[in-house]
Amino acid sequence: MKRNIKYLGCFLAIVGTVFQSCKKNVLETIPNDRVSSEIYWKTEADARYAVNSIYANLDATNLFVLDGITEIGHTNTVFTVEYNIENGTYDASHSRIQTEWQTAYRSIFLANYVLENIDKIKTTNTALINQFKSEARVLRAYAYMKLAGLYGDVPLIKTTITTTDGLAATRSKVADVWSFINKELTEASALLPNSFSGADRGRVTKGTALALKARAALWSGDFATASAAAKSVMDLNVYNLIAEYGKLFTYANENSVEVVFDKQFLVGTNTHNAFAFMGPYSQKSSGSTFVPTKDLADLYTMKNGKAITDATSGFDPKTPYTNRDPRMRFTMYVDGDPLPSGIPFKPVPGMGGGDEIGKTQYNTTTGFSLKKYVSAEDFANHVASGLNFILMRYAEVLLTYAEAKIEQNQIDATVYDAINKVRTRSDVGLPALVTGMTQAELRAAVRRERVLELAFEGIHLFDIRRWKTAQQVMTGPVKGITYYSGTTPVTVLVPSVIKTFDASKHYLWPIPQKEKTLNPALGQNPGW
Amino acid sequence: MISKHKKLLLTVWLSIGLFCTQLYAQTTIKGVVISASDNKPVEGATVTTKGSVKGTQTNANGEFVLAGKTGDQITISSIGYSSQVIIIKNAASSLTISLAMAKNDLEDVVVVGYGTQKKVSLTSSVSQIKGADLVRRPVSNLQQALQGQAPGLTVLDRGGEPGRSAATMRIRGITTFSGNSSGNSSPLIIVDGVEQTLFTLNPEDVESISILKDASSTAIYGSRAANGVVLVTTKRGKSGKIQASYNGYYAIQQSVNSPEMMGLEDYMRYQVLAHTNQGLAIPARYTESSIQSWITATDREKYPLPNTWFQTVLKAAPQQSHNFSFSGGNDFSRTRVSFRYMDQDGIAANYGANIRELRMNNDMQLSPKLKLSTDINYRYNLSKTPFSGDVFNRFIHGTLFAYPKYADGTYGLSQQTSNPLMLAEKSGYNKIATHYLYGSGKLDYEILPDLVFSAQVSAVINYAETKAFQNAYINYDAINARTFTVANNTLTEGRDRNTELTTNYLLNYSKKLNKHELRGLLGYSELYNQGTGLSAYRERFYNNDIQSIGQGANDATKNNSGSEYKYGLRSGFTRINYSFDGKYLLEGNARYDGSSRFTGDNQFSFFPSFSGAWRISKEKFFDDLNLPISDLKVRGSWGQTGNQTVPLYSYFASLSQGSYSFGGTAAQSFSQTGLADPTITWETNDQTDLGLEAQLLDNKLSFSVDYYKKRTSGILLALPLPVVTGFTSSTQNAGIIDNKGWEFTLGFKNNQHKFQYAINGNLAINNNMVIDLKGAGPFINNSYELDPRYIVKVGLPFNAHWGYKTDGYFQNAADVASYPSIAPGTKPGDVKFVDLNKDGKITADDWAMIGNPFPKYTFGLSSDFSYKNFSLNFLLQGAAQVDTRLSGGITEIGIAEAFTHKMVANNYWTPERPNAKFPLPRKSDFRNVGTSDRLIIDGSYLRLKNVQLMYSIPASICKKIGISAARVYVSGTNLFTISKLNEWGLDPEADSGRATYYPQTSLYTYGLNINF
């Protein structure tokens, strides 16, 4: 018996020793791989970090997608889901419809979370707190602009909400969304500085708020507000065009005087994959996910300002890229252009080279490939670019000003000045518009200018929606380059798609099916 | 931590050494156990001294040695024989005990939670599978071995890459939502009292497996038992002289999947039609002259056949397993040691697995009242795949017209510049090496003759090293002038360690007074799990052979990350059994569980269960009925169990770090990433079970039936949230699921003659339905428009297939004009999707349930025949009323550059074929292949899972060559299947979706079994 007790004791002692040294109470585990909300919102740094998280959720490469599904772009492979938007066979369950909705509301939540909690921080630096609040409001307004432009009526969420409230949220009229945006940007602009320096460069400024206000007003058809807000940006004297359009999207011109709003990136820590996503296939098997089309290429005038369809323009179909608006070759790679790797871009079938149309599924199907953001500087590490993504630049402010004035029929010298400033930038060098144009002529001119100046910067889809031109431009087969097979001109016809746009419903995206299933009160857009 | 556990094990070993020197002398009882029917020795019979924990087992010659003295009462029992109790009259003389064949298996001892029970006295629903039935079929893992063996246990075997599990186990259906990251419907696996994984356990080490199904059997495991419990008991040493045995096999594996591509000319002409129908220009490849040159070509490098991967890349691959075991001991110490070596090649290049393991189970009788058991199991498991996870995807997608491998060693490249053979052979590797160490010490102390105390402490240490090296390489396809480049080589290495410590303290009491028998159990258990992980990444190594992490580029591309977590469980539990006259049986269980996953008042929960049985056949009136029924029992049970598999720390809102940058300076960011729910608590599972068991016709026929109703409420669900909240999901207690069903077993055996046989069948019917979602939902879940879509909706089975209903094809222009269509430009031959809500549009609002991915019926039929030295057995297994949604290239009928099934040829819509199987060919237009009932395929199947023929070498020959017994066998696995999926060339156990998984295999095995 004694021995039994002894053995038992030994055994239990061993057990006890092991367990005592390993843990105190198995039921009280405290995580060390995350931060609890209980201990947050104490310092200014907490506020700063939380505001930073809204910036991190901003748009970047997804903007290529938006241009890619208009007439100026094409979804290069049939297995990229946006292909179904292009050919009109998409429905409310399409993942892109969900993704854009989700990203925007995540930004809105992040901003609401800051606005609701930031006053818990005990500080005397009210200016800083006001600045953070204003940043959050501007970024929230930016998200609402995208939602209004894509979906029309959307739930207007101004505070963090519970699941129950979320399941019952209803949509506000798009007009109310626009007026909310206007109010927010107006108020925030008053509290934001004209500029930031050093490690704060890239935060939204007074100019950002006003420029977004101008954009929002233009999109919503409030032209008086649009021109006034654009004018106030111009009057800040903070922004200007840089001399070279061709160097807008380079590291050297990050944070230049032309940048009004951008998503900032940094090599090595905070990167995007624009090069690998959009670059031509010969460049380290990059994706060419969305490619420019003939519709865009043909819109570029000759250097003399005349359309290529004008018999006196001097356009020679055998040398289609010579003497054109220089922005064409700043925006896209055309036959013969040197690529980041040093080789020339050779898309013409049968001519050899890695970018020949049809050679692989990833090769450009139109014979064009995007050049903006596909910079030689990123070739070495093509999946991790640190190039800032410009979300608003001064050229757009000028064109917004001009368009808003034209729509109000307030045509004066400032309108011509604004457009001409863009056209005559030193490395663009197009002739200035001749004064005395009619409102309709000017409207056509400013619209063309917007397409060409801002191509593949995420603006065009919203423009053709508000211009109501999508039903004309987004139809029929997608065309690519024209090349010569002997003496016969051959225009590339993308083999797999007919662009389809149904004016009765496609001017707005549907409410995502998943969201509508969770909350039927959201209803659905007309036609869907 | 690791060193601490090593210390523990060392200490235990040293202690054993110490105790060994103190062993005491005692009289021993010797004997031999033989079978009454043929006088052959009975191996593995259990011999115990009554009223003591002392016990041993007979060796292969039927011999045993047991500590004891004259006057002791010993019990001899063995499965298949009636137990005998003998009083030792003279301990000095050797005994010969002749065991009669059991009339039935009711005397079998069944392992239940924290104990054992005689089958006859069970009041709950438990299926037991003997080790011998598990190793009959050569399998790479135990999950596969359990398939078809027990009603109510559904094992969906998806084959899987060597060394990586792809089997899904469900006991009585799906009880919870797979939506949350750590929760699932897999049963709790307990091996020798400790939670472990089943997947890598050596089948040869298994003595028995119990499947606990109803709540009365599982409630003792409380919060982890909602999905049922699988109890595994491993083999232990037997006393007597050392027994050595070898059990090994060599097998050839072959793919079961073999879909065939449409023929060359058919395919090319089909493409012409598809382009024409879509109004598209015919590409150069499909012009008439190109088609002609392709058809007549002899140089297939230049004019490759489309898509030959299933035929060219897959190969027959060997698999082998070798087990050695040694067992022996005496009254004081018994040991079983086993070694296992298993090697499995993949059916495609660079896949493979390897297991080496050692187990030592040791029992020491420290004193007549004290037994110490120490078990150690070490296992090294290596599994290897190519770096590219895309190999099998590329069998089907985007690799048309690529030549597998040119004579010069380069690979042909498709339009998508891919080639699965190239990816398998050149992409690099992904290896997972797992070191698994299990150590357990257990002490049984007989305080009083009726009262036994047990203490067990164990550690399970799982240490995984992962290494994934991507080769940098360039493949230039000279014929097509296409290049595939991986510019940079990369290396990702991971180290993950997980330690789980378990302590169990049990107090067992049993007392028999006249007709009353009372047994009680009181227990306390604690579990502590803690893990850490590290991973590191670098790229651009000097060449593909330099693979040490420090040799990669030392710049901003290097990266590392880590994880750390812990959780605990603390529980008390009890069980009481009462039986009167072996007629009326009652049992009650209760467990009180506390979990670190919850907080506040929700931390603890109580799980009770009750059950009872009535052995009608023991009643006097029953005898008077003179029925051909020898045993009849009815039983019923009710109980509650729980599920705690909520993601850790769900109960508070947490913020995660992110990164941003301003003005070229890195900046930190923090954002709330999870919604908090401090009220989160256990899932509760209420289960009622009614059962009937009978033995008929002189025990030749056995029968059982169970009806169960299981309701899981407060299901922990990663509830999809409306994203206007800023979140996409959060874990909450929401929802109720019901599982109701029937289970039947029927067995017939005849052991009377030289020709002996046994047939056992089982059938389970499960009905699963979502009852309530707390006003939330329905939740629709699919990752990509063209892939399977599931819905969780009240009134439907969990995760039902969800999509359009269809009504044939539009047949003519009038038809098109008169009915809404899914997209503009509809033509005759397009699928007519049904406008269910009659709003004149085909939209997502027209979706409906179109199938159930979980089988309603599962069944198995096993059979043994033996005649003289030969024995033959087979296992049929299957499922019915299960729906599979195929997607991807295999069903996309040539719309994109994917595999196009042979079946499509001459079976698509034309005006002459208005009811063809497939719609109008259309290039690049997916309108007809979105999820609809057309693409739901009946996944029912009946499969000859295994056939084995075995020959026992006659004893006379064995004796001559100096061994005690030897058997040789041949067997085949997955030989024959009846299924609708056969015409697709796919395995019926496959999951819905794209058939891009490592294929299920069939095995042809040659095995040898020797007892030395």
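In the predicted model, T225(A) touches N182(A), K213(A) and A217(A) once residues up to four places away in sequence are left out of the count. T225(A) itself lies in helix α10 of chain A, which spans residues 223-236. Of these contacts, the one with N182(A) joins positions that are 43 residues apart in sequence, and the C-alpha atoms of T225(A) and N182(A) are 9.0 Å apart in space.

A second position in chain A, G287(A), is found in the loop that runs between α11 (274-278) and β4 (290-292). When neighbours within four places in sequence are set aside, G287(A) is in contact with A276(A), F277(A), G279(A) and Y362(A). By contrast with its contacts, A307(A) lies 20 residues from G287(A) along the chain, and the C-alpha atoms of G287(A) and A307(A) are separated by 32 Å.

A search for salt bridges over all chains of the structure returned 78. Among them is the pair formed by the side chains of D59(A) and K146(A), with an N to O distance of 2.9 Å. This pair links distant parts of chain A, since D59(A) is placed in the loop between α2 (44-56) and α3 (62-68), whereas K146(A) belongs to helix α6 (residues 126-151), 87 residues apart.

Between the two chains, 100 residues of chain A are in contact with 106 residues of chain B. The area buried between chain A and chain B amounts to about 8800 Å², and carbon and sulfur atoms give 62% of that area. One salt bridge is found across the interface of chain A and chain B, and it is formed by K516(A) with D845(B), whose closest N and O atoms are 3.0 Å apart. Polar contacts across the interface of chain A and chain B number 21 residue pairs, counted where both residues have pLDDT 80 or more. On the side of chain A that touches chain B, helix α1 of chain A (residues 2-22) gives the most, with 13 residues. That side of chain A divides into 45 nonpolar, 38 polar and 17 charged residues.

Within chain B, the axes of helix α5 (residues 264-277) and helix α6 (residues 288-296) come within 10 Å and cross at roughly 170°. Angles over 145 degrees count as roughly antiparallel, and α5(B) and α6(B) are therefore roughly antiparallel to each other. On the α5(B) side, the contact is made by L264(B), E265(B), M268(B), R269(B) and V272(B), while α6(B) contributes E288(B), S290(B), I291(B), Q292(B), W294(B) and I295(B). Taken by residue class, the contact of α5(B) with α6(B) comprises six nonpolar, two polar and three charged residues.

Methods:
Residues are numbered from 1 along each chain as its sequence is written. Chains are lettered from A and ligands numbered from 1 in the order in which they are written. This is a predicted model: local features need pLDDT of at least 70, side-chain atom pairs count only at pLDDT 80 or more; totals for chains, interfaces and linings use all residues. Side-chain values use heavy atoms; hydrogens and water are left out. Axes are lines fitted to C-alpha atoms, for helices over the stretch in contact, and angles run from 0 to 180 degrees between N-to-C directions. Helices (H or I, at least four residues) and strands (E, at least two) are DSSP runs, numbered from the N terminus. Angles under 35 degrees count as roughly parallel, over 145 as roughly antiparallel, 65 to 115 as roughly perpendicular and the rest as oblique. Contact means heavy atoms within 4.5 Å. Ala, Val, Leu, Ile, Met, Phe, Trp, Tyr, Cys and Pro count as nonpolar, Asp, Glu, Lys and Arg as charged, and the others, Gly among them, as polar. Buried area is the accessible area (1.4 Å probe) that two parts lose on being put together, summed over both. A salt bridge is a side-chain nitrogen of Lys or Arg within 4 Å of a carboxyl oxygen of Asp or Glu. A polar contact is a pair of N or O atoms within 3.5 Å; within protein, one must be able to donate a hydrogen and the other to accept it, and residues adjacent in sequence count only if both atoms are side-chain atoms.
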